[in-house]
Amino acid sequence: MRVKSIEDVLVDSKIINEAVLENARRLKKEKGGNIKDILIQMGHAKEMDILKAQADQWDLEVLPVIETEVDAGILDKLSVGFLRRYVMVPLRIDKERLVLALNDPLEQEAVFDISKVLGVNYVERVLAPRQEIISAINRLNELKEESAKEIMEDIDEGEEEELLKDIENIQEDITLMETEAPIIRLVNKLMVQAFRERASDIHVEPFETEVKVRFRVDGILHDVLSLPKRIHSAVVSRIKVMASLNIAEKRLPQDGRIGIRLGNHAVDLRVSTVPTVNGERVVMRILDKSSVLMGLEDLGLYPYDLEIIEGLIAQEHGIILVTGPTGSGKTTTLYSILSRINSPDKNILTIEDPIEYQLKGIGQIPVNPKVGLTFASGLRSIVRQDPDVILVGEIRDLETAEIAIQAALTGHLVFSTLHTNDSASAVTRLIDMGIEPFLVSSSVNAIIAQRLVRKICPECKKEYTPEAESLLEIGLSRKMQGKKVFYRGQGCKACLETGYRGRTGIYEIMLMSDSIKATVLKTSDSNQIKKEAIKQGLHTLREDGARKVEDGITTIEEVLRVTQ
């Protein structure tokens, strides 16, 4: 009896029709891949519907969520790469019987290979979604992996001399790299661990007798590991080899990047080294290129602020500035805005240092001072490229500010960032740079100041009663004590015992109204400008933070930390 193909099964089950199937076959011929994946990507079929149809055909069970009970030691016999390639994972082994989750019931040969390797006579197959199987494989791999501490204990005296063996294959998935060199395993493990713990930066900091490794998670640095001083140069050299830096040059700062794969994530690490009295210090910024860009609705804006921003980005010309210290989420906000206004009828160009995420349909230019491409020279060229919208990564000097203002006055919508503490200070900064007050008031549409606050961990969130003084400090009245429920995190494994998990933004949006413009023409004092803005209804950063405290999103301590 001929086994029905997946295509016949889906048509017979009325999940798709012949026209859809023909279209999918055409795409398969043009671009490759398999019919099942093409149909799911096109939105013509859901994976669970396909699995149920296949389960009926083969008389198998479907598990929407899977939990594997096998010992992680099974990965000594079956490689992670093999299981990921064939999308299957052992769930249980009982004497000579194996329960195996797989995504494609037609994959017979790999099932036979697994039964031989594990020495079982009977394999019971169950179907499961692809992502569930991959997640189960990753969980097994995490259980099996050595910790960075365990790897460090393997490193013998003199290991540094063995360092430069096996330095290739950087682009392959480092969670699968098998190498005997402990230094290489240690560096790989630190990168994997940092990514899994949602770190944004890895710090390798040498001191007189030890080397500290720290991760920045949700904006706060945490100690992770203490390495012996003797392996410091080996660890730094390994990182420099991966980043294609000069390992012989230890007296000058160097910058580079590492492109790696961590499972199904493409990750960029921006590497910076500087010489210190105790040796080279390394900081790696982690950028997940495969992460989904946040929408405006996901940034933590309240509906009234979202409405203001929607109105601002619909304008045809003028400057919108986003201000805040380094690491306050300015770039993410601007990328979310650009994604919202990106359409085929708009020519959007950016000049950035560096380009953190590549945006489809937008022309992005990286600053390159070595060849004379600065913000100012790049911006001057962008203006001649007939743009509708321009993003300037940062206004650092008078020349860049002048060209940006000129572009805004000649009919372009310009977005940029400034490093100032609040919205009113941005006006003062521009005037201090040498921009005439009348140009500031006529070109700037709005200034958005922002900070990132850590969110209370949902796993260990608990009610508590704050002190009256704390409430007053963030602008909430004593009357609120006992009338409103306040929360904080107790600390748990999910949040690394911090009580916080993830971050959200707090914002103040200063619209350049006629009265604020008049104030700017009279004075560049940021206090006077802010007073006028508050009269006009400005919600300050602290007020926005206080609202998020009331809503149980963050804590009083967090708001005070970022707005002091």
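Which residue stands opposite Leu127 in E4? Keep that in mind as you open this predicted model.

**Stop 1: the strands**

Select strand E4, residues 122–127. Now add strand E3, residues 97–102. E3 and E4 run parallel and are joined by 6 bridges. Zoom in on Leu127: Leu102 stands opposite it. That settles the opening question.

Next, select strand E1, residues 61–62. E1 also pairs with E4 in the parallel sense, over 2 bridges. Here Val62 stands opposite Leu127. Leu127 of E4 thus has Leu102 and Val62 as opposite residues.

**Stop 2: the nonpolar cores**

Jump to Leu430 and Met510. Within the largest nonpolar core, a set of 37 residues, these two touch the most other members. Centre on Leu430 and show what surrounds it. Beyond its neighbours within four places in sequence, Leu430 is in contact with Leu321, Ile395, Ala401, Leu418, Ile435, Val440 and Val444.

A second core of 36 residues is separate from this one. To find it, select Ala72, Leu78, Phe82 and Ile114, which are among its members. In soluble globular proteins, nonpolar side chains tend to be buried together.

**Stop 3: the cavity**

How many cavities of 30 Å³ or more does a search of the whole structure find? The count is 1. The volume of the largest cavity is about 40 Å³.

Select its lining: Arg198, Val217, Asp218, His222, Arg454, Cys495, Leu496, Thr498 and Tyr500. Colour these residues by type. The lining has 4 nonpolar, 2 polar and 3 charged residues.

Conventions: Residues are numbered from 1 along each chain as its sequence is written. This is a predicted model: local features need pLDDT of at least 70, side-chain atom pairs count only at pLDDT 80 or more; totals for chains, interfaces and linings use all residues. Side-chain values use heavy atoms; hydrogens and water are left out. A nonpolar core is a set of buried Ala, Val, Leu, Ile, Met, Phe, Trp, Tyr and Cys residues joined through side-chain atoms within 4.5 Å. Buried means under 20% relative accessible area, exposed over 50%, partly exposed in between (1.4 Å probe, protein chains only). Contact means heavy atoms within 4.5 Å. On a 1 Å grid over the protein atoms alone, a cavity is a set of points where a 1.4 Å probe fits but cannot get out, and a pocket is an open set with protein on both sides within 12 Å along at least five of seven lines; lining residues have an atom within 4 Å of a point. Grid points are joined across faces, edges and corners, and a volume is the space filled by probe spheres set on the points. Ala, Val, Leu, Ile, Met, Phe, Trp, Tyr, Cys and Pro count as nonpolar, Asp, Glu, Lys and Arg as charged, and the others, Gly among them, as polar. Two strands pair if DSSP finds at least two bridges between them. Helices (H or I, at least four residues) and strands (E, at least two) are DSSP runs, numbered from the N terminus.
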